[in-house]
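Colleague: I'm new to reading structures and would love a close look at a single part of this one. Could you pick a helix and walk me through its surroundings, then show me how to read other spots in a similar way?

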Amino acid sequence: MKFYHFFLVVLFLWSGYGQDMTSVINIEQNKEQPYVDFLVGESHVTMLPNDKKIKGAVQYSFRIVKPTSRIKVDAQNMSIASVLLNTKNVDFKYDNKAILISSDFEVDQEYIIKIEFSAIPKKALYFVKDHNDEDQIWTQGQGKYTSNWLPSFDDMNEKVEFDITIDFKKGYEVIANGKLVKNEVINDSIQRWKYDMRHPMSSYLVAFAIGKYDKKVETSASNIPLEMYYHPDNVDKYESTYKHSKDIFDFLEKEIGFAYPWQNYKQIPVKDFLYAGMENTGTTIFSDAFMVDETAFIDQNYINVNAHELAHQWFGNLVTAKEGTHHWLQEGFATYYALLAEKEIFGEDYFLFKLYESAEQLTELSKSSQATSLLDADASSLTFYQRGAWALHALRNLIGDTSFKITVHNYLETFKFENVDTNDFIEIATKVSGTDLSDFRKIWLENVKFPSQKALNLLTTSNFIKSYLTLAQERTQPLAGKWNTLTKSLDFPVNDYIGQEVVYQLEGITTPENIVIYDKAFATNNVFVRQAIANTLSTVPKDLQKQYESLLKDPSYATIEPALYNLWVSFPEKRKEYLETTKNIIGFSSKNVRILWLVLALNTEGFETENHQKFFLELSGYTSSKYGFSTRENAFTYLESMQAFSDLSLQYLVDGAMHHNWRFRNSCRKILDKLIINEKYKKKYVVLMDSLSKKQQDFLQSKLTP
Ligand SMILES: [Zn+2]
């Protein structure tokens, strides 16, 4: 998730604060509106999916803490029907960005303001259709501003207890922050869902999701209900998707050493999500591309995102960074704790290798012009996430496990439900450990250069990393000098990463000596070592044909896809056989194997010729908006290379070019821009114009007549 909007002026005022001020003063000084404290926000909304519209009312109770005659509530491009102060009409101004309410406010008094509103949000609230053309509606507040769908506060230092009530048509599941306290039938068609929060949070964490869902509920060791949602059609993927969820929860709660602060924890997969996942308070929303079967689990599982968003429930949601300079207090912590959770599942080597990989990336970044310190609001996400995690790993090594854990506990206890900066954390660590952390601060947080050597020193206490690095040093050596080393490195039991490194060093070169090593690599039966072969050995020699063909049966869609393609190219006489072997495999949620299979089938002479029309329809059909955007993108790319767009896929391309996911949208626009230079497609689009929506017509018109 990208960044927020920051209030830099306030930051300057606040640069020289003392240690002993109370946290109350702390918060006020960083708030955009230090004269008011918003307490509880009760909203009651309903959705009109056909118009992509939300309407309803929100009521805030607030206390005036310093003299003021005006308060502000952010609201982007809304219709404001009325504003009531203590149930009476009140003077307000609205400039499409914020509602300004003026009155003779008195210090220490509590007030209630009620805002009636409606909005057709351009962002932060998304109305999509699932694969069965049923409504799916969800929010994304971070980086997008909740004030696009709910009058609220763009300032993350304003923490409010948000209770949401949603009316929606029957037959859907409505999920929001907090505990469901009422679920009642209003009339023949409407159901009301009332959610209750106990504690305050920043507005960007307010969320809901609506869709056709089933759920399973487990209970954590500490008695927190863990609600895991899934589309009923994905019931067979439930186990492999949510695998280890309870263990991750129990582990993190123990490791962090602070009781999970919210009433429950819900996880909801949604279609065409903008990111991998978002840690809304108690209510993580994640991309349904992570709904995986057992085979996809090997390469694209939900474990990391699961643990990352859960860790944010403490780091980000319970304690929230005051502003972007301290973003690592959220992302660095979430990354580090997710890695610790993964270590429990995938082991020590996995943990160390991930740290090694990120150290390599950070070292590269360090050499570039984009290098920044960790305490820079404009730092890259690599810096906030990975360097942040590294800083914590280094700190833990420096002050020891016990001091580290006490520090984290005291930090959360001191600042719970408040906002924090880097000093808050470092001061507690200094006090707990009795260690002067000024060097640590300079090296790991403030310096622009990533301390690569220090990172490496922390890793090379491991024998695995030592052996890996010894082997990696051979990369520049000619093959003739290292056959023995490479062969020996594949001895049983082979290590995933060392085995892969051997394969990479063979560089797809198939001399007789290399073939012997490839042979041994195949025989390790290690799925990752074999995947490395599929990815790097594209021209398959006759001597390895048999072994290579066995890759088509490996339990990895990331292996089968390149293996199928490379075999199809290398052995034309066996194309039909390869297609036969793989005809029932779909692959990841992008349908990577199936889409490749269709393209190859269409290009294989004499293979089920009578079905070619059917295959083409299926391939074209994957461009439809009923599929997730990764499937569509995949299909569009192949259709472009085949120059074989059907009328329907041309229409879906326009739909894709206006999609809410900018990456997908841009890739569709690129293809569309190339197509309309071609007279044939340009003419087709002129004919198709009438079958498009008004919005799509306007967009296409602007493309056709620039
Ligand atoms: Zn995060």
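Modeller: Sure, let's take helix α21: 11 of its 11 residues are buried, so the helix is largely enclosed by the rest of the structure. Keep in mind that this is a predicted model. The buried residues run from N592, V593, R594, I595, L596 and W597 on to L598, V599, L600, A601 and L602. What does the covering of these buried residues include? Among the elements lying over them are α19 (557-570), α20 (575-582), α22 and α23 (629-642).

Let's zoom in on one of those covers, α22. The axes of α21 (residues 592-602) and α22 (residues 612-621) come within 10 Å, crossing at roughly 145°. As for the handedness, the crossing of α21 and α22 is left-handed. On the α21 side, the contact involves R594, I595, W597, L598, V599, A601 and L602. Facing them from α22 are H612, F615, F616, E618 and L619. Sort the residues of this contact by character and you get 9 nonpolar, 1 polar and 2 charged.

Now for the metal site. Which residues hold the zinc ion? Its protein donors are H308 and H312, each through NE2, and E331 through OE, at 2.0 to 2.1 Å from the ion. Along the chain, these donors follow the spacing H-x3-H-x18-E. The two histidines sit in helix α6 (residues 303-312), and because they are 4 residues apart there, about one helical turn separates H308 from H312. Buried or exposed, these two histidines? Both H308 and H312 are buried.

Next, aromatic rings. The structure holds 53 aromatic pairs. Take F353 and Y356: their ring centres are 5.7 Å apart and their planes meet at 45°, so this pair is tilted. Both residues belong to helix α8 (residues 348-367), where they are 3 residues apart, about one turn of the helix. F353 has a relative accessible area of 8%, and Y356 comes in at 7%, so both count as buried, the cut-off being under 20%.

Compare that with Y411 and F425, an edge-to-face pair with 5.0 Å from centre to centre and 75° between the planes. Y411 is in helix α9 (residues 381-415) and F425 is in helix α10 (residues 422-433), so the pair ties together parts that are 14 residues apart in sequence. Y411 and F425 are both buried too. These two also belong to a cluster linked by ring pairs, made up of F315, W328, F333, Y336, Y337, F404, Y411, F415 and F425.

F404 from that cluster deserves a stop of its own. This residue is found in helix α9, and at 0% relative accessibility F404 counts as buried. Which residues does F404 touch, leaving aside neighbours within four places in sequence? The contacts of F404 are Y336, Y337, L392, L395, R396 and I399. You can also use F404 to get a feel for distances: F404 and G143 are 261 residues apart in sequence, with 31 Å between their C-alpha atoms.

For another buried spot, try Q696 in helix α27 (residues 694-704). Its relative accessibility is 15%, which counts as buried. With neighbours within four places in sequence left out, Q696 is in contact with V654, D655 and M658.

Last, a few backbone details in the loops. F492 and P493 are joined by a cis peptide bond, with omega at about -5°. P493 has its place in the loop between α14 (483-489) and α15 (496-506). Then there is Y145, which is not a glycine but has a positive phi, near 75°. You'll find Y145 in the loop between β10 (135-139) and β11 (159-169). D272 is another non-glycine residue with a positive phi, this time about 55°. D272 lies in the loop between β19 (265-270) and β20 (277-278), and with a relative accessible area of 6%, D272 is buried.

Technical notes
Residues are numbered from 1 along each chain as its sequence is written. This is a predicted model: local features need pLDDT of at least 70, side-chain atom pairs count only at pLDDT 80 or more; totals for chains, interfaces and linings use all residues. Side-chain values use heavy atoms; hydrogens and water are left out. Axes are lines fitted to C-alpha atoms, for helices over the stretch in contact, and angles run from 0 to 180 degrees between N-to-C directions. A crossing is left-handed if the near helix is turned anticlockwise from the far one by less than a right angle, and right-handed if clockwise. Contact means heavy atoms within 4.5 Å. Ala, Val, Leu, Ile, Met, Phe, Trp, Tyr, Cys and Pro count as nonpolar, Asp, Glu, Lys and Arg as charged, and the others, Gly among them, as polar. Donors are N, O and S atoms within 2.8 Å of the metal (3.2 Å for Na, K and Ca); water is not among the atoms, so sites may look incomplete. Buried means under 20% relative accessible area, exposed over 50%, partly exposed in between (1.4 Å probe, protein chains only). Rings of Phe, Tyr and Trp (its six-membered ring) pair if their centres lie within 6.5 Å; planes under 30 degrees apart count as stacked, over 60 as edge-to-face and the rest as tilted.
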